[in-house]
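Subject: Structure handover

Dear colleague,

Here is the structure I said I would pass on. What I found in it follows below the display.

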Amino acid sequence: MAGRGKLIAVMGDEDTVTGFLLGGIGELDKHRRPNFLVVEKETSLAEIEETFRNASHLTGAPMVGPPCPLTLPFLPVRRGFLAREDVGMILISQALAEQIRPAVAAHARALPAVLEIPSKDHPYDPARDSVLRRARGLFAPDELR
């Protein structure tokens, strides 16, 4: 990755993801995996969580979908945004983050940064944002003045 920046990944409803794609964040990595996930009514919770996490067949997590054609069948490529070295930030709609809250809350590394964003149908609620809660815990109220 020398000389290249990190990607922004986005997960959310069709309108949210389309807006970011029109803004130019859409990319495919060398294994032809996109840096976005459009969540529809028929998208399973397992698929959402696998796309977010470090899910991989090698760590015992079930593999969703066929393995990437560019890899050996017994050595599938990790699919989760957290596992990708080319992703520096994950934007996830807050409503979607609520569905996979344990996975979002378990992420403690600095990169990729996880930011919860509003969607068209669900306004942003700072009380439910786990990242904001952690940031508030770092500072005493007197230090913020």
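To begin in the middle of the sheet: M11 has I92 in β3 as its bridge partner. Please keep in mind throughout that this is a predicted model.

**The strands**

The pair M11 and I92 belongs to a longer run of pairing, in which β1 and β3 are parallel and joined by 5 bridges. β1 covers residues 7–12, and β3 covers residues 87–93. Within the same two strands, V10 is found opposite L91 of β3.

L91 also has a partner in another strand, namely L115 in β4. β3 and β4 are again parallel, with 5 bridges between them. β3 therefore has a parallel partner in β1, by the criterion of at least two bridges between strands, and another in β4.

β1 has a further neighbour in β2, residues 36–38, which runs parallel to β1 and is joined to it by 3 bridges. One of the facing pairs here is G12 with V38 of β2. The link from β1 to β2 goes through helix α1, residues 14–22, and the three elements form a β-α-β unit of right-handed sense.

As for cover, 5 of the 6 residues of β1 are buried, and in β3 the count is 6 of 7. Both strands are mostly covered, β1 as well as β3.

**The chain as a whole**

There are 5 helices and 4 strands in the chain. In sequence order the pattern reads β-α-β-α-β-α-α-β-α. The chain has 145 residues, and 37% of them count as buried. Taking contacts between residues at least 6 apart in sequence, 66% of these link residues at least 24 apart. The accessible surface is about 8,900 Å², with carbon and sulfur atoms accounting for 59% of that area.

**Helix α2**

Which residues of α2 are buried? In this helix, residues 45–52, they are I48, E50, T51 and F52. The elements that cover these buried residues include the strands β1, β2, β3 and β4, along with the helices α3 and α4. Note that E50 is on the buried list together with I48 and F52.

**A pocket**

The second largest pocket holds about 250 Å³ of space. Its lining is made up of 14 residues, and those closest to the centre are D13, V39, A95, S119 and H122. Helix α3, residues 94–99, gives the largest share of the lining, with 3 residues.

**Backbone points to check**

Two places in the backbone deserve a look. Most residues other than glycine have a negative phi, and most peptide bonds are trans.

The bond from L111 to P112 is cis, with omega near -5 degrees. P112 sits in the loop that runs between α4 (101–106) and β4 (113–117).

R32 is not a glycine, yet its phi is positive, at about 65 degrees. Its loop is the one between α1 and β2. Is R32 buried or exposed? R32 counts as exposed because its relative accessibility is 60%, and the cut-off for exposed is over 50%.

**The α4–β4 loop and helix α5**

A108 is also in the loop between α4 and β4. With a relative accessibility of 69%, A108 counts as exposed. A108 and V131 lie 23 residues apart in sequence, and the distance between their C-alpha atoms is 9.6 Å.

R134 is part of helix α5, residues 130–138. Leaving aside residues up to four places away in sequence, R134 touches V104, A105, H107 and A108. For one of these, A105, the C-alpha atom is separated from that of R134 by 9.6 Å, with the two positions 29 residues apart along the chain counted as their separation. How exposed is R134, given as a relative accessible area? The value is 37%, so R134 is partly exposed.

If you open the model, the two pairs that include L91 make a convenient place to start: V10 with L91, and L91 with L115.

Regards

Notes:
Residues numbered from 1 in each chain as written. Predicted model: local features only at pLDDT ≥ 70, side-chain atom pairs only at ≥ 80, totals over all residues. Heavy atoms only, no water. Buried < 20%, exposed > 50% of the residue type's maximum accessible area, 1.4 Å probe, protein only. Right-handed = clockwise from strand over helix to strand, strands pointing away. Contact = heavy atoms within 4.5 Å. Areas by Shrake-Rupley, 256 points an atom, 1.4 Å probe, with all protein chains shown as cover. 1 Å grid on protein atoms, 1.4 Å probe; cavity = no way out; pocket = protein on both sides within 12 Å on 5 of 7 lines; lining within 4 Å. Points joined across faces, edges and corners; volume = space filled by probe spheres on them.
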